Structure formats: C-alpha cells, structure tokens
Amino acid sequence: MIPRLKERTHRSHHPLEEALGRPVSPNEGLTEHTVVAHWPGLDHFTLDDEHKSWTATQWAEHLEGPYVEHPFAAGPDDDRHAVLHVDVRLHPQDRHLTGPEWAEVAHRLARAADIEIPGKKSGCRWIAVQAQPGRLDLIANLIHLDGAWHAPPADILRRLSDQARSIEQDLNLIPPRTGHSALPAAPTASAQLARVLTQLADEQAGPLATVRGLVEHTAYRIACQPGGRQHGHGAPSGADRPPPPRDPAGPGHHGRPPGPAPGR
C-alpha cells in the first residue's frame, strides 16, 4: 500500500474527478459503495441520511462549503488552497478488500493525516472514495467548521506511510517491496562502506589475507637462499659472507686492459 500526497487546490472537483476516473456529473449518484467513509459529523449535518443519495456534484459542493461559510479563512501563507487530496494504492497482487475494510483504511489514514481528531466536533470535512480497483482517495477541506485553518503536520507523508505499514500487517496485505514487481532497496552509503571493510578484514579470503600470504612466502624464500640467514643481530659471518668480486684483468693489472708493454 503506497500513499501519495497531491498538491493542494482551492476546488474539490478535480480531486473528485481523479478519484472517480471520470468527470463529476450532476446526474450520477454516489452510493455508500463508492463513498466508503466520511467525517463523523456528516450524519448529524444532514437530515434523514440524505447524503446517501447525493450526486457527485453535490459531494463536491459539500466539500467546498467551508469556503462559502468562512470567506476570510486562509492558510499560513495567506492562500485559500484548502482542499487536501491523498490516494493510496494496493499492490497489484493484493486481494480485494471489502467495503468495511476500505472504510477502516480510510478512517485510519484520516487520523494519521490529522484531519480526523477523535472527540473533536468541529473538525474537517472529508470523504473517502473507492471507485477504482485497488485504490482509495481521501479528499478533505482544511477549513474547520468553526472557521479555523487546519495546518497538516509537516511529516504527514511519513505518518501516512507508517500507518500504511500497520494496515498491511493488520489486513494481511502485500508490502510494496516484497512483490515480484518491486525493486530491491538500494543500499545506503554506510552499508556499502561496512561491506567493503568487512571484505578487507576477512582473514581467510580478503585482500589482506592474500597480501599476508605473499609476504610470508617471500620471507621464506629469502631465508632459504645462501646468505639469507643471519647470526644474531650483527653482520653476516665469514661462512655466509659472499666472496669479493674478481678482477677480470687478473692480479696486478688493476684494471689495465691486456696489450703490449709500453716502450717496446
């Protein structure tokens, strides 16, 4: 299950169209099988569960209602982009979730994103749309019912990812990196460095073991050659000392090349 955070907008029509996979229509009713979850206060906001027969256009207008009710509400940057859109997608090989399971996923993600706060009556308006296979879209307006602007947490994506891992375990879903189509995680720089140091320090098969073997073998060869042994810590003995170089011109010539004697 992979959550994705979209760029905030000032209208809910485009996120709803993306969730449905088709244009928002004033003639298409969205049943509870499509809008699988919503903010808790909606049941008290409408009479006789009239929202169960709302069209796609009515749902979009409902999400944009806080703009009309609180025309001066704005974010920290003095913007009016209050529509938050998050979608999550299952692994292609995951099983089909039931309606109640999708509803559980929606509420858990809404709490992770901090747009649903248990016990808070004047929170955000939000709905969860399940209209495409293996996909759930969470759409919310960050303007509270009392006109306050709800700033999402700075680490909202990390919270959604952590909650997705928890949902995968609870609902027996496939994590994103364990399927056949998933790519292995790239090793970090510290892991690569640790692997190289381990290989270097391997006394049996590492490079240092090879170098040590060459040094020991060379020392053994030197020790076996004439003059390779030393007596104590001093200079080599006479038996081991190599003879002086021989003069090729013979004794007494001191290096003079042979030839006729001078004066003859």
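**View 1. The largest nonpolar core of the predicted model, in which Leu 16, Ile 115 and Trp 126 touch the most other members.** This core holds 52 residues, and at least two of them come from each of helix 1 (13-20), strand 2 (35-38), helix 3 (56-69), strand 3 (83-89), helix 4 (99-112), strand 4 (125-129), strand 5 (135-141) and helix 5 (156-170). Helix 4 gives the largest share, with 7 residues. In soluble globular proteins, nonpolar side chains tend to be buried together.

**View 2. The surroundings of Leu 16.** When neighbours within four places in sequence are left aside, Leu 16 is in contact with Val 24, with Ala 56, Trp 59 and Ala 60, and also with Ile 127, Val 129 and Ile 139.

**View 3. The chain and its secondary structure, with 7 helices and 5 strands.** Along the sequence these elements follow the pattern β-α-β-α-α-β-α-β-β-α-α-α. Of the contacts in the chain with a separation of 6 or more, 69% join residues 24 or more positions apart, and 35% of the 264 residues count as buried. Carbon and sulfur atoms account for 56% of an accessible surface of about 17,000 Å².

**View 4. Confidence along the chain, highest in strand 5 and lowest in helix 6.** The mean pLDDT of the chain is 77, with 66% of residues reaching 70 or more, whereas the mean is 96 in strand 5 and 57 in helix 6 (residues 189-200). The pLDDT is below 50 over residues 179-188, a stretch that has 11 contacts in the model beyond near neighbours in sequence, and also over residues 251-257, which have 4 such contacts. Where pLDDT is low, the predicted coordinates should not be read in detail.

Methods:
Residues are numbered from 1 along each chain as its sequence is written. This is a predicted model: local features need pLDDT of at least 70, side-chain atom pairs count only at pLDDT 80 or more; totals for chains, interfaces and linings use all residues. Side-chain values use heavy atoms; hydrogens and water are left out. A nonpolar core is a set of buried Ala, Val, Leu, Ile, Met, Phe, Trp, Tyr and Cys residues joined through side-chain atoms within 4.5 Å. Buried means under 20% relative accessible area, exposed over 50%, partly exposed in between (1.4 Å probe, protein chains only). Helices (H or I, at least four residues) and strands (E, at least two) are DSSP runs, numbered from the N terminus. Contact means heavy atoms within 4.5 Å. pLDDT is the predictor's confidence in each residue, from 0 to 100. Accessible areas come from the Shrake-Rupley method with a 1.4 Å probe; for residues, only the protein chains shown count as cover.
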